[in-house]
Amino acid sequence: MSAQTPDTTSLDEAPVLVHVTRGGFVESAHRATLVATDGEGGPPLRHGRVDDPVLPRSSLKPIQALAMVRHGLDLPPHLLALVCSSHSGEQEHRDAVGEILATVGLDLDALRNTPALPLGELEHARWLAAGTEPAPVAQDCSGKHAGMLVTCRVNDWPTESYLDPAHPLQQAIAATTAEVVGPVTHTTVDGCGAPLFAVPLAGLAASFGLLAGADPATDEGRVSEAMRTAPHMVGGTGRDVTDFMRVVPGLIAKDGAESVYAAGLADGRGIAVKVADGAPVARARRALLAAALLALGVDTAGLRDLAHQPVLGHGRPVGAVEVLPLVDA
């Protein structure tokens, strides 16, 4: 296929895995690709063309953080968790960004990510009410960018150009991504301005299993332990990515834009989801991650609460977000 006619087969042919029902009527249907890998990388769950590349968006952040740790980033767990985050922009998140930068004598002016209002609904509303302008520190990727800047300082790499794909930092991240996730078939720019790589969905799942199952003394284990130690730093108040890690022992999880989700279990199993239509309302990807965990035999009361998503009519449940069976009966 030429650049003018991209191959969309994996999206067009993705199976319908989610129904949104209202009063017994299927109101919406979402096509999705889903894969779960065992500790050896094999797929016990496989729906759609899982070996095709996807843009993992912010689900790639723990892998980007791994590359930084391998190149000298050394932060306490709650700050390393923020490097892996798409945080809600709450005060503790913004304060932690400044704390990361201060470890190498930098301040918020060094950030080159896109200015934004906080992602969290309450903090977003507060900024609007106060007339506060968008700022890089409030943008959900500022923790990652702070980690990138510190890694540059540790290695005496330029900080002004740290987002350039040819920069040593981005080359190191690309190399780690190819090694841990799989072949990089396309490079573009993420919403925050950082380079973004297309990788196989199955590789993304396996990489999360690798992180989650790693010895805490390894670089991979440091990343996963940081996420488990401080799940609130990875997301924030009311965020399902934070809730998943709180209710499933040993789980690490990371949400991504355009309806991507990735997770890893302490036994080395990994999960990755991509909803074909990008489902701007996060309920489809959340439902699929919960259903995949349940299908793999993970079962906690909190997980079932996350899996249950009622559809309301006049304030009362009249339907639900329903995942079709992921395992043959």
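Buried means under 20% relative accessible area, exposed over 50%, and partly exposed in between, with a 1.4 Å probe and protein chains only. The exercises concern a predicted model, in which local features need pLDDT of at least 70, side-chain atom pairs count only at pLDDT 80 or more, and totals for chains, interfaces and linings use all residues. Residues are numbered from 1 along each chain as its sequence is written, and side-chain values use heavy atoms, with hydrogens and water left out.

**Exercise 1. Describe the overall build of the protein.**

Step 1. Helices (H or I, at least four residues) and strands (E, at least two) are DSSP runs, numbered from the N terminus. The protein has 13 helices and 11 strands.

Step 2. The radius of gyration is taken over C-alpha atoms, and the globule rule is 2.2 Å times the number of residues to the power 0.38. For 329 residues a compact globule would come out near 20 Å; the protein has 19 Å, which agrees. The C-alpha trace spans about 60 × 45 × 45 Å along its principal axes.

Step 3. Of the 329 residues, 53% are buried.

**Exercise 2. Find what covers helix H11, and follow Phe244 into the core.**

Step 1. Helix H11 covers residues 240–247, where Asp240, Val241, Thr242, Phe244 and Met245 are buried.

Step 2. Among the elements covering these buried residues are helix H9 (219–229), strand E7 (252–256) and helix H12 (283–295).

Step 3. A nonpolar core is a set of buried Ala, Val, Leu, Ile, Met, Phe, Trp, Tyr and Cys residues joined through side-chain atoms within 4.5 Å. The largest such core has 99 residues, and Phe244 and Leu293 touch the most other members. H12 gives the most to this core, with 8 residues.

Step 4. Contact means heavy atoms within 4.5 Å. Beyond its neighbours within four places in sequence, Leu293 is in contact with Phe244, Val248, Leu251, Leu265, Ile271, Val298 and Leu303.

**Exercise 3. Work out the order of the sheet that holds E4, and which strands are at its edges.**

Step 1. Two strands pair if DSSP finds at least two bridges between them. The open sheet has 3 strands in the order E4-E6-E5, paired antiparallel.

Step 2. Strand E4 (53–54) and strand E5 (186–189) each have a single partner strand, so one side of each is left without a neighbour in the sheet.

Step 3. E4 pairs with strand E6 (residues 195–200) over 2 bridges, and Pro53 is opposite Pro200 in E6.

Step 4. The loop between E5 and E6 contains Asp190. Asp190 counts as buried, at 10% relative accessibility. Outside its neighbours within four places in sequence, Asp190 is in contact with Arg57, Ser58 and Leu196.

**Exercise 4. Identify the partners of strand E1.**

Step 1. Strand E1 (residues 16–22) runs antiparallel to strand E2 (residues 25–37), joined by 6 bridges. His19 has Ala29 as its bridge partner in E2.

Step 2. E1 and E2 form a hairpin with 2 residues between them, and Gly23 in the turn has a positive phi of about 60 degrees.

Step 3. E1 also pairs antiparallel with strand E11 (residues 316–323), over 3 bridges. There the bridge partner of Val20 is Val321.

**Exercise 5. Count the disulfides and check Cys84 and Cys152.**

Step 1. A disulfide is a pair of cysteine sulfur atoms within 2.5 Å. The count is 0.

Step 2. For Cys84 the nearest cysteine sulfur, that of Cys141, is 12 Å away. Cys84 is buried, at 0% relative accessibility.

Step 3. For Cys152 the nearest cysteine sulfur belongs to Cys192, 14 Å away. Cys152 is also buried, at 0% relative accessibility.
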